[in-house]
Amino acid sequence: METADITRAITAATSVAASLDLPANDAIVLHNSNRLALRLTPCDALARVAPVGHEAAQFEVELAQRLARVGCPTGLLEPRVDPLVYTRDGFTVTLWTYYEPVTPHTSPVDYAKALEQLHAGMRKVDVPSPRFTDRIAEAEDVVANPNLSPELADADRAFLSSRLGSLRRAIEDRGAVEQLLHGEPHPGNVLGTKNGPLFIDLETCCRGPVEFDLAHVAEAVCEHYPNADPGLLDECRQLVLAMVAAWRWELGDQLPNGRRFGEEFLRSLREGPPWPTLDTVTGRLDGL
């Protein structure tokens, strides 16, 4: 969000919390992208705030309740208020449990076990959800429309479009078993807590092969996840690189240094195998 929107979003979140008898005199910005994550104090609740029209909020709240009932390692909604999507001054606000971080990094073994447990629980949940191909289509729309990605060079546009289409076909042709997935279980969406790793940000949940989720995590995590298909994982890694590349070129993308990331993802796709994981690409740029 832009600075002016952040100020209004904070006001909306603290106002909603106060109306629910949660004292919120201050708010600490934990994450800022298409929506805002805030730690409200002194009530110590987590608020997620997005402009009205962010349709995933209701889906996320309902899914979080279902996953909690089957014991999935996911962040919980704030237990002191009703599990609803609240609207205030043009923003939707959802309230969640705030978890004090206890470890800077989750070990690959614990990460893999938690992801396996999440997937097992998700197989017990029957909820209408998009398919992973819907997310590919979103990336394809960005690439196909110069108005959405005006800085993307024509050669790169043609390359990304071709790669997204061919990878979609290759993955679908495998006919792998599909199930409900997190959609983006990268380290930014995993909290190290006293109760172990917890997955947050469920708005990206979709149906697909588990290898699509594994393509978002480090190689060391994949090594501890049982029965993954190496060939399918390779294709999913390429797909994730191509999708993220597309989003980094989208007009209005708010990731810091987003264009540099977009360029690096394109370079990685052109270089060929072995296909790097997201953390590897991020590490390259962080080291510059």
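# Group meeting: a walk through the model

Let me start with one residue. Aspartate 201 counts as buried, because its relative accessibility is 17% and the cut-off for buried is under 20%. The model is predicted, so keep that in mind throughout.

Stay with aspartate 201. This residue has a positive phi of about 55°, although it is not a glycine. Aspartate 201 sits in the loop between β8 and β9, and β9 covers 206-208. Why mention it? Most residues other than glycine have a negative phi, and most peptide bonds are trans.

There is another such case. Asparagine 227 is not a glycine either, and its phi is positive, at about 65°. Its place is the loop between α7 and α8. Buried or exposed? Asparagine 227 counts as exposed, because its relative accessibility is 77% and exposed means over 50%.

Now the peptide bonds. Threonine 41 and proline 42 are joined by a cis peptide bond, with omega at about 10°. Proline 42 belongs to strand β2, residues 36-42. Proline 273 and proline 274 are also joined in cis, with omega at about 0°. Proline 274 lies in the loop between α9 and α10.

That brings us to α9. Helix α9 runs over residues 258-271. Its 14 residues should span 20 Å at 1.5 Å a residue, and the end C-alpha atoms are 20 Å apart, so the two agree. Which residues of α9 are buried? They are Gly258, Phe261, Gly262, Glu264, Phe265, Leu266, Ser268 and Leu269. The cover over them includes α5 (154-173), α8 (230-248) and α10 (278-286). Just after α9 comes glycine 272, with a positive phi of about 90°. And arginine 270 puts its charged end over the ring of phenylalanine 159, 4.3 Å from the centre. A second arginine does something of this kind: arginine 48 lies over the face of tryptophan 96, 4.8 Å from the ring centre.

On to α10. Aspartate 279 is found in this helix. It is partly exposed, with a relative accessible area of 39%. Beyond its neighbours within four places in sequence, aspartate 279 contacts Val217 and Ala218. Alanine 218 is 61 residues away along the chain, yet the two C-alpha atoms are separated by 6.3 Å.

A little further along is alanine 220, in helix α7, residues 219-223. Alanine 220 is partly exposed, at 30% relative accessibility. From alanine 220 to valine 109 is 111 residues in sequence but 8.2 Å in space, C-alpha to C-alpha.

Next, α3, residues 108-122. This helix has 15 residues and reaches 21 Å from first to last C-alpha, close to the 21 Å expected. Its buried residues are Tyr111, Ala112, Ala114, Leu115, Leu118, His119, Gly121 and Met122. What covers them? Among the elements are α2 (56-69), α6, α7 and three strands: β6 (179-181), β7 (190-193) and β8 (196-199).

Now the interior. The largest nonpolar core has 65 residues. Those with the most contacts inside it are Leu63, Leu160, Leu164, Phe212, Leu239, Met243 and Phe265. Helix α8 gives the largest share of this core, 12 residues. A second core is separate; it has 22 residues, including Ala9, Leu22, Ala45 and Leu95.

Take phenylalanine 212 from that list. Leaving out residues up to four places away in sequence, it touches Phe132, Arg135, Leu181, Gly183, Cys206, Cys236, Leu239, Val240 and Met243. One of these contacts deserves a closer look. The structure holds 3 aromatic pairs. Phenylalanine 132 and phenylalanine 212 make a tilted one, 5.6 Å centre to centre with 50° between the planes. Phenylalanine 132 is in α4 (residues 132-144) and phenylalanine 212 in α6 (residues 210-214), so the pair ties together parts 80 residues apart in sequence. Both phenylalanines are buried.

Last, the cysteines. How many disulfides are there? The count is 0. Take cysteine 72: its closest cysteine sulfur is in cysteine 205, 9.3 Å away, which is too far for a bond, because a disulfide needs the sulfurs within 2.5 Å. Cysteine 72 is buried, with a relative accessible area of 8%. Cysteine 236 is in no disulfide either; the nearest cysteine sulfur, in cysteine 222, is 10 Å away. Cysteine 236 counts as buried, at 0% relative accessibility.

Terms used. Residues are numbered from 1 along each chain as its sequence is written. This is a predicted model: local features need pLDDT of at least 70, side-chain atom pairs count only at pLDDT 80 or more; totals for chains, interfaces and linings use all residues. Side-chain values use heavy atoms; hydrogens and water are left out. Rings of Phe, Tyr and Trp (its six-membered ring) pair if their centres lie within 6.5 Å; planes under 30 degrees apart count as stacked, over 60 as edge-to-face and the rest as tilted. Helices (H or I, at least four residues) and strands (E, at least two) are DSSP runs, numbered from the N terminus. Buried means under 20% relative accessible area, exposed over 50%, partly exposed in between (1.4 Å probe, protein chains only). A charge sits over a ring if NZ of Lys or CZ of Arg is within 6 Å of the ring centre and within 35 degrees of the ring normal. The expected span of a helix is 1.5 Å times one less than its number of residues. Contact means heavy atoms within 4.5 Å. A nonpolar core is a set of buried Ala, Val, Leu, Ile, Met, Phe, Trp, Tyr and Cys residues joined through side-chain atoms within 4.5 Å.
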